[in-house]
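Reader: I am in my first year and would like a close look at one part of this structure. Please pick a strand, and explain what surrounds it.

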Amino acid sequence: SKAGVISLVSLAANNLAAADRGPDWIVTLNPDTVPSATWLEELRKLAQPVRVQRNGVFFATADMVEDGDEDYLRRTGLDPLGALYKMYSQFQSGTALSYEKKTREFENAADITAFYNGMIQTGDPKLVFGYDNMDVPATVNFLAANSMVHNNDLGHKNYYLFRDSTGSLLWRILPWDNDLAFGHNWVSGP
């Protein structure tokens, strides 16, 4: 295809997200589309601004965001045989666990249910479980990076959980939908 033209085939594994920002694209620029620290680079997903045409006429700008799947894991240097879940809920007691299983669909979700049950414990049992089941350095890096870009859309939804199912068996958090960062927080007005 021509440079700057996205084929329909490439859109099959991607999502178009509304680029709800000012015309300058500076203050609310999506952190998925800017360079990041080397230690976070492996976690980045393909996201780039695109021009959307409708009936041959400019319609909008949007962010094209890669869907999480085996190709995403392979490209980011993670084991494509691992379990990847797109999360729609918090990990806290009293909150219903809501997710979409993106890989290893041939098996049930017992792994994330066990992880959830371990992480909603309290006190020392929760701490021990977390240290035993989380990739702690990757989690610290992820949380630090999201703090640096002031990601207002993290924690209650909009993230992936990945389990290295055939290796370390550890869980780590991966980015998804970082559009509420760099000052963007869905508050309208000046």
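Author: What follows is a walk around strand 4, then outward to the parts that cover or adjoin its partners.

The model is predicted. As a setting, the protein chain has 190 residues, of which 40% count as buried. Its secondary structure comes to 6 helices and 7 strands, and along the sequence these follow the pattern α-β-α-β-β-α-β-β-α-α-α-β-β. Among contacts between residues at least 6 apart in sequence, 60% join residues at least 24 apart. About 10600 Å² of the protein chain is exposed, with 58% of that supplied by carbon and sulfur atoms.

Strand 4 covers residues 83–87, and 5 of its 5 residues are buried, so the rest of the structure largely encloses the strand. Buried here means a relative accessible area under 20%. The cover is found on both faces of strand 4: A83, Y85 and M87 are buried on one side, and L84 and K86 are buried on the other.

Next come the partners of the strand. Strand 4 pairs with strand 6 (residues 159–163) in the antiparallel sense, over 5 bridges. In this pairing L84 stands opposite F162. Strand 4 also pairs with strand 5 (residues 99–101), again in the antiparallel sense, over 3 bridges. There K86 stands opposite E100.

Strand 6 has a further partner. Strand 6 and strand 7 run antiparallel and are joined by 5 bridges, and F162 of strand 6 stands opposite R172 in strand 7. Strand 6 is itself mostly covered, with 4 of its 5 residues buried.

Now take the side of strand 4 that holds Y85 and M87. Both residues belong to the largest nonpolar core, which has 16 residues. Y85 and M87 are among the residues with the most contacts inside that core, along with F91, I112, F115, L161 and W171. Strand 4, helix 4, strand 6 and strand 7 each give two or more residues to the core, and helix 4 gives the most, with 4 residues. In soluble globular proteins, nonpolar side chains tend to be buried together.

Y85 shows how many parts meet here. Setting aside residues up to four places away in sequence, Y85 touches Y99, E100, K101, N108, A109, D111, I112, Y159, Y160, L161 and W171. The other side of strand 4 includes L84, and L84 belongs to a second, separate core of 9 residues. That second core also includes L73, L78 and F162.

Helix 4 deserves its own look. Its buried residues are D111, I112, F115, Y116, G118 and M119. They cover an arc of only 165° around the axis, so they lie on the same side of helix 4. The cover over these residues includes strand 4, strand 5, helix 5, strand 6 and strand 7.

Between strand 5 and helix 4 runs a loop, and T103 lies in it. T103 has a relative accessible area of 0%, so it counts as buried. A polar atom of the T103 side chain lies 2.7 Å from the backbone oxygen of G82. Leaving aside its neighbours within four places in sequence, T103 is in contact with D69, E70, L73, G82, A83 and L84. Two of these, A83 and L84, are residues of strand 4 on opposite faces.

A second threonine can be described in a similar way. T139 is found in helix 6 (residues 136–148). With a relative accessibility of 12%, T139 counts as buried. The side chain of T139 reaches the backbone oxygen of D135 at 2.9 Å. Not counting residues up to four places away in sequence, T139 touches M134 and I173.

To return to the strand you asked for: strand 4 has strand 6 as an antiparallel partner and strand 5 as another. Its Y85 and M87 belong to the largest nonpolar core, while its L84 belongs to the second.

Notes: Residues numbered from 1 in each chain as written. Predicted model: local features only at pLDDT ≥ 70, side-chain atom pairs only at ≥ 80, totals over all residues. Heavy atoms only, no water. Buried < 20%, exposed > 50% of the residue type's maximum accessible area, 1.4 Å probe, protein only. Pairing = 2+ DSSP bridges. Polar contact = N/O pair within 3.5 Å; in protein donor to acceptor, adjacent residues only side chain to side chain. Contact = heavy atoms within 4.5 Å. Core = buried A, V, L, I, M, F, W, Y, C linked by side-chain atoms within 4.5 Å. Areas by Shrake-Rupley, 256 points an atom, 1.4 Å probe, with all protein chains shown as cover. Arc of directions from axis to C-beta.
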